[in-house]
Amino acid sequence: MQNISKVLLCAILSIGTTALFSCRNDNGAAELAHHHHHGHEDHDHEDHDHDGHDHDHDHEAHDHDHDHGSHSHEDKEHGESEDAIVIAPEKASRLGIKSMETTQGDFQETVKVSGEILASASDSRIVSAKSSGIVTLASGMTDGMHVGSGQTIATISRKGMPGGDEAEGARLDYEAARREYERMKPLFEKGVVSARDFNSAKAAYERAEAAVAGSKTAPAGTAATAPISGTVSALYVTSGDYVEAGQPIASVVASTSMRLHADLPRRLRDNYDKIVSATITVPETGRTYDLGELKGRRIAGDAIECAQHPGYLPVQFTFEGDGRLTSGGYVDTYLKLTDRHQALAIPVGALSEQQGKWFVYVRLDEDCYEKRPVEKGGSDGQFVEILSGINPGEQVVTDGVAYVKLAESAGIVPEGHSHSH
């Protein structure tokens, strides 16, 4: 009887334990189902058969079909809005941000080489010392300074040198002539000396007197002046140097006539006869000049290597300077060829280089801009050919590129903006 009671008790405990674990398994399945749900309203829980311990998840019924295609357009628009750069129109105007519409046009092929600005030989003058003495350059006189015709380059004086003070020398000559004249005068009156000797002494005295009077109003030395208006291309002396009469002090080059010497590599010999003009850029200032606008013309020459530059063919132009170009300066030179073709070209300043790649900023609408990678071709120093990355009719930022780049770094995105292409 006691054994029967024990068996009944074990059976009751077994049934309770089974029910308890069955309930716990139902809760875990529900939690798992919850974790698998996440926004899938069409997920049918009636298909989940949690019958006892048999958790046979039918994956055909439990269809986790994440249809990402329905979200692709929205995600694409969101991704492109993140690329947009926002600058309010009034702020863009204040910062000087400007854009231009790109078009296909006639583009002249160029060859980039090195060049040097030289003085035209016919318009160079030498300033020489008019007398011997010590040189004192005019205040602020340096190479490259612009001077007018007749302007003083330097003064030469003998003051401080043995017998070099002209005023003192004139005074001493005067004293000697005066004494001789005063000695001769009573003797002439007594008939001891002839009239010729007396007149000679009198003339010497009068000349010496005039020389003394002139030395009191004369400048401290003789002046060396510029014979033409132009640029001081070279100074051959410094203040304190001693010079002889006729010694060169400086050279002045007329600003209105200059020469460009460019070196074309021998491997580009086939282009020699095609060169018709040039554009130059001064590295120090970034300023660009078109020789065609400076009345430039090519000097005829033969495709013969220069002895001073083996492997290069000299190409020379003459042009009229504007007062800002000085001889002796090296410039980046773009030799223009007769060959032309249709191309999409933008100003050089519109390009932005980042980590060895080239970009432009395209204006999408009144307040949005987009950074666009491009492939560039040749350049004539002012414009650069764009091979790919932008299309005709698009607005490319040409002025204020640095400000658009700063706005890009700030990462400002307009709410609701989407520019799908």
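These legends cover an overview and close-up views of one predicted model.

Residues are numbered from 1 along each chain as its sequence is written. In this predicted model, local features need pLDDT of at least 70 and side-chain atom pairs count only at pLDDT 80 or more, while totals for chains, interfaces and linings use all residues; side-chain values use heavy atoms, with hydrogens and water left out.

**Figure 1. Overview of the protein.** The protein has six helices and 22 strands. Helices (H or I, at least four residues) and strands (E, at least two) are DSSP runs, numbered from the N terminus. Of its 421 residues, 33% count as buried. Buried means under 20% relative accessible area, exposed over 50%, and partly exposed in between (1.4 Å probe, protein chains only). About 25,400 Å² is exposed, with 51% supplied by carbon and sulfur atoms. These areas come from the Shrake-Rupley method with a 1.4 Å probe; for residues, only the protein chains shown count as cover. Among contacts (heavy atoms within 4.5 Å) between residues at least 6 apart in sequence, 75% join residues at least 24 apart.

**Figure 2. The largest nonpolar core.** A nonpolar core is a set of buried Ala, Val, Leu, Ile, Met, Phe, Trp, Tyr and Cys residues joined through side-chain atoms within 4.5 Å. This one holds 24 residues. L260, L264 and L335 touch the most other members. Two or more residues each come from strand 3 (104–119), strand 12 (258–265), strand 13 (275–281), strand 16 (312–319) and strand 17 (330–347). A second, separate core has 19 residues, including V127, V135, L137 and V237.

**Figure 3. Surroundings of L335.** Neighbours within four places in sequence are left aside here. L335 contacts E109, T110, V111 and V113, among others. Its list also includes A262, L264, I275, S277 and A278. V315 and F317 are in contact with L335 too.

**Figure 4. Strand 22 and its partners.** Two strands pair if DSSP finds at least two bridges between them. Strand 22 (residues 395–399) runs antiparallel to strand 2 (residues 98–101), joined by four bridges. K98 has D399 as its bridge partner. Strand 19 (residues 357–363) also pairs with strand 22, antiparallel, over two bridges. There, V362 is bridged to V396.

**Figure 5. An open four-stranded sheet.** The strand order is 8-7-5-10, with antiparallel pairing. Strand 8 (222–225) and strand 10 (242–243) are the edges, each pairing on one side only. Strand 5 (residues 133–137) meets strand 10 over two antiparallel bridges. G133 has V243 in strand 10 as its bridge partner.
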